[in-house]
Amino acid sequence: MPAPMKTARRVLLVASAVVSSLALTAPVSHAAPKPSPSTSPSATPPAGMSTVGGERLGQAGTQVNLASGVPVLPKDLTARSWVIADAESGDVLAAHNAHWRLPPASTMKMLFADTVLPKFPKSVEHKVVPSDLADVGAGSSMVGIKEGETYSVHDLWLGVFLRSGNDAVHVLSKMNGGIDNTVKEMNEHAEELQALDTNAVSPDGYDAPRQVSSAYDLTLIARSGLQKKDFREYCSTVTAKFPGSTSKKKGKSVRETFEIQNTNRLLAGDSDIPVYQGIAGVKNGNTTNAGATFTGVAERNGKVLLVTVMNPEKSEHNEVYKETARLFDWGFQAAGKVQPVGELVPPKSAAQASAQPGSNSSGEAGGTGDAEKSSKSAVGASAASGSTGIGVALGITGGALVLLAAGAFLINRRWPLPDLVRRRGRS
């Protein structure tokens, strides 16, 4: 597509998304219906879904522009909803029930992290008190936080991203003014991102009435989070040492550690699924009600793609990862050949922000520090953190965020995904 036409299409999509965002204050047709009080998702997608990002994304069923030279989509996909998008341009290459509001499980932690991660420098320490863990849901995934022990913010985020620890989420939420305040901020942030299908009720994704998101929104949220250096590093970490209990040995206090591994099977691998070539995050989830959910990001041959898969009907072990891998494979083959069916819209504030050369877009924890340095990042990040899989930010070729005068939001740069993860191949 010629550049002027592509830019015009982006502007139209952005304009449509801005109109859609009014759904939060007025009952316009672009808005998705309010989530049902029940935690159980319906068996079929609703007749009317949001059209944020493009009219076709509001239609039920599979949306793709097949043409000469475009590979056929995999035929063995059973997920209720999925989206595959170009992480840099925002083009949605194909989708299936993109705006179906479904329980997100722990993929909701991406919104939690994107909201809370900039609040606290990673070196801040917190001593856990009983009230920090009092309302963690029964049967929650846990990293092993102990009352009376002290943890750094860095430790807690490792627990969130690697082990999907609801205990770590609750401690960080209490540090952030409590569960209610954190959920309020998450919903405000979702509104800012134009993730209008999303309604957070618990910060950790634990099943709750009216807690919903969509494959479109989770992809949008992941794209926002991945612009933060700390978010990229945490979600791409494969293994790390985590603080255990403190005990007395020979009259001295000794803090034990234990190893934790990322539960993202495309990143860590499993008996029936290899590490996916170029995978670099993002987040998985699984509850009885939501089924398996997953958003992943991968890079290959200069292309960075995002894939979200929600609730495959097929019950095979690791099915959500297998379907994600097949969609990634298709996306890398189709990229540059297929015409998009929609677009990941910009944040509401993007059209009003100015692209000042000195703008801080680093997104590092604590909100401090300069914009990311392109090719001068130190290799010592992994060793200093005591974890493996945290790579080096690669060079930024096109500058920082570019905000066009027309309001289009583009990431005009090579995403600095962790190098150690990018080089991992299938094994």
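Helices are DSSP runs of H or I with at least four residues, strands are runs of E with at least two, and both are numbered from the N terminus. The model treated in these exercises is predicted.

**Overall architecture**

Task. State how many helices and strands the protein chain has, and what share of its residues counts as buried.

Solution. The count of elements comes to 11 helices and 14 strands. A residue is buried when its relative accessible area is under 20%. By this criterion, 56% of the 427 residues of the protein chain are buried. The contacts add a further description: among those between residues at least 6 apart in sequence, 68% join residues at least 24 apart.

**The packing of α3 and α4**

Task. Classify the orientation of helices α3 and α4, and give the handedness of their crossing.

Solution. Begin with the geometry: α3 spans residues 153–163 and α4 spans residues 166–175, and the two pack with axes 8 Å apart at an angle of about 135°. Next, apply the classes: roughly perpendicular covers 65 to 115 degrees, roughly antiparallel begins over 145, and angles under 35 are roughly parallel, the rest being oblique. The two helices are therefore oblique to each other. Finally, the crossing in which α3 passes α4 is left-handed.

Task. Identify the residues through which α3 and α4 meet, and describe their chemical character.

Solution. On the α3 side the contact uses Val153, Leu156, Trp157, Gly159 and Val160, and on the α4 side Ala168, Val169, Val171, Leu172 and Met175. Sorted by class, the residues of this contact comprise 9 nonpolar and 1 polar, with no charged residue.

**Burial of the two helices**

Task. Determine how far α3 and α4 are covered, and which elements the buried residues of α4 pack against.

Solution. Consider α3 to begin with: 10 of its 11 residues are buried, and the helix is mostly covered. The buried set of α3 includes Asp155, Trp157 and Phe161. Turn then to α4, where 9 of the 10 residues are buried, so this helix is largely enclosed by the rest of the structure. Among the buried residues of α4 are Asn166, Asp167 and His170. The partners of the buried α4 residues are α2 (109–116), β4 (125–127), α3 and α5 (179–193).

Task. Find which residues with positive phi follow α3 and α4.

Solution. After α3 comes Ser164, with a positive phi near 55°. After α4 comes Gly177, with a positive phi near 95°.

**Aromatic pairs**

Task. Classify the ring pair of Phe161 and Phe231, and locate both residues.

Solution. A pair of aromatic rings is described by the distance of the centres and the angle of the planes. Across the whole structure, the search returns 9 aromatic pairs. For Phe161 and Phe231, the centres are 5.2 Å apart and the planes stand at 85°, so the pair is edge-to-face. Phe161 belongs to α3 and Phe231 to α7 (residues 229–235), so the pair ties together parts 70 residues apart in sequence. Both Phe161 and Phe231 are buried. Ring pairs also join Phe112, Trp157, Phe161, Phe231 and Tyr234 into a cluster.

**Backbone details**

Task. Characterise the peptide bond from Gly281 to Val282.

Solution. Omega of this bond is near 20°, and the bond is cis. Val282 lies in strand β8 (residues 279–287).

Task. Describe the phi values, locations and accessibility of Asn97 and Asn311.

Solution. Asn97, a residue other than glycine, has a positive phi near 50°. Asn97 sits in the loop between β3 (91–96) and α2, and its relative accessibility of 5% makes it buried. Asn311, also a residue other than glycine, has a positive phi near 55°. Strand β10 (residues 303–312) contains Asn311, which is buried at a relative accessible area of 14%.

**Loop positions and distant partners**

Task. Decide whether Gly336 and Ala350 are buried or exposed, and give the C-alpha separation of each from its partner distant in sequence.

Solution. Gly336, in the loop between α9 (319–334) and β11 (342–343), is exposed with a relative accessible area of 78%. Its C-alpha atom lies 9.3 Å from that of Val70, although the two residues are 266 apart in sequence. Ala350, in the loop between β11 and α10 (381–385), is buried with a relative accessible area of 8%. Between the C-alpha atoms of Ala350 and Glu192 the distance is 9.5 Å, at 158 residues apart along the chain.

Note on methods
Residues numbered from 1 in each chain as written. Predicted model: local features only at pLDDT ≥ 70, side-chain atom pairs only at ≥ 80, totals over all residues. Heavy atoms only, no water. Axes fitted to C-alpha atoms, helices over the stretch in contact; angles between N-to-C directions. Left-handed = near helix turned anticlockwise from the far one by under 90°. Contact = heavy atoms within 4.5 Å. Nonpolar A, V, L, I, M, F, W, Y, C, P; charged D, E, K, R; others polar. Buried < 20%, exposed > 50% of the residue type's maximum accessible area, 1.4 Å probe, protein only. Phe/Tyr/Trp six-rings, centres within 6.5 Å; stacked < 30°, edge-to-face > 60°.
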